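Hi there,

Here is the structure I promised to pass on to you. Have a look at it first, and my notes come right after.

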Amino acid sequence: MTGKVILVGAGPGDPELITIKGLKAIKEADVIVYDDLISKELLNYAKKDAELIYVGKRKGKHSFKQEEINKILVEKAKEGKLIVRLKGGDPFVFGRGGEEILELKKHNIPYEVIPGITSAIAVPEVAGIPVTHRKVATSFTVVTGHEAEDKKEKQVDLSKLNADTIVILMGITNLENLVKELLQNPKRSKDTPVAIIMEGTTKNQKIIKGTLGDIVEKAKKEGAKPPGVIVVGDVVNVLDSQ
């Protein structure tokens, strides 16, 4: 009998921000295939005999290729197991959840998706930065700061984005290049506010604020490193001025 795979969004970092439905799935799972950025506290809710498989990806450390992860999900499902694929944030926001579902469909394996709170909105929010604010920002865009290396051409051009607020995920290691692109955007200047929020929503959260003119230097000085979210726009300081 074929099992089932449930893609569960674990939320932005704080284990208490997972959904009730997501936690229920963790408690019932036979196998949990989990990422690097999920709170390990969530694994304490697994059944005593549940199989826990780490497939994390982190720059500078051994990373599982997506094909390897897909293979694990398919093989475990064919054993008749209930698998939770536990992902940081939301499975469909730069989580490659869609790729995993396509692989499951190829093998006729049942699946379900349980959304998670995306770090793109929650991390700035907990840090006191609303991504929209009346009369300040009526639009926001979420982009990756690290596009796939095998792409023939870039899909994200920060010099042309017109949204009031830009939220960049996975961009800290590429910060200098991102800032150069943003400064080519007529909507931005060296005075445009920027915030880097590291390990957001956790007890280790750290915030670095600056402008496009000085954020690279500040990030180097304060040792900015992943995981983190970058926010660009006037919303960065909007709650500080009230």
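Below is what I found, starting with the sheet and ending at the surface.

Please keep in mind that this is a predicted model.

The sheet is an open one, built from five strands in the order β3-β2-β4-β1-β5, with parallel pairing. Its edges are β3 (51-54) and β5 (111-114), each of which has a pairing partner on one side only. From one strand to the next, the twist averages 20°. As a general reminder, strands of a sheet pair through backbone hydrogen bonds, in either a parallel or an antiparallel way.

Strand β1 is a good place to start browsing. On one side, β1 (residues 4-9) is joined to β4 (residues 82-87) by six bridges, and the two run parallel. I6 sits opposite V84 of β4 there. β1 also pairs with β5, again in the parallel sense, over four bridges. In that pairing, L7 has V113 of β5 as its bridge partner. As for cover, five of the six residues in β1 are buried, so the strand is mostly covered.

Helix α2 (residues 66-78) lies across four of the strands, namely β1, β2 (31-34), β3 and β4, and runs at about 155° to β4.

Now to the surface. A nonpolar patch is formed there by V93, F94 and M170, which together have about 250 Å² of accessible area. V93 belongs to the loop between β4 and α3 (97-106). Why does V93 count as partly exposed? Its relative accessible area is 31%, and partly exposed covers the range between under 20% for buried and over 50% for exposed.

Enjoy exploring the model!

Best wishes

How values were computed:
Residues are numbered from 1 along each chain as its sequence is written. This is a predicted model: local features need pLDDT of at least 70, side-chain atom pairs count only at pLDDT 80 or more; totals for chains, interfaces and linings use all residues. Side-chain values use heavy atoms; hydrogens and water are left out. Two strands pair if DSSP finds at least two bridges between them. Axes are lines fitted to C-alpha atoms, for helices over the stretch in contact, and angles run from 0 to 180 degrees between N-to-C directions. Contact means heavy atoms within 4.5 Å. Patches are made of residues with over 30% relative accessible area and no salt bridge: like charges are joined within 9 Å, nonpolar side chains (Val, Leu, Ile, Met, Phe, Trp, Tyr) within 5 Å. Accessible areas come from the Shrake-Rupley method with a 1.4 Å probe; for residues, only the protein chains shown count as cover. A salt bridge is a side-chain nitrogen of Lys or Arg within 4 Å of a carboxyl oxygen of Asp or Glu. Buried means under 20% relative accessible area, exposed over 50%, partly exposed in between (1.4 Å probe, protein chains only).
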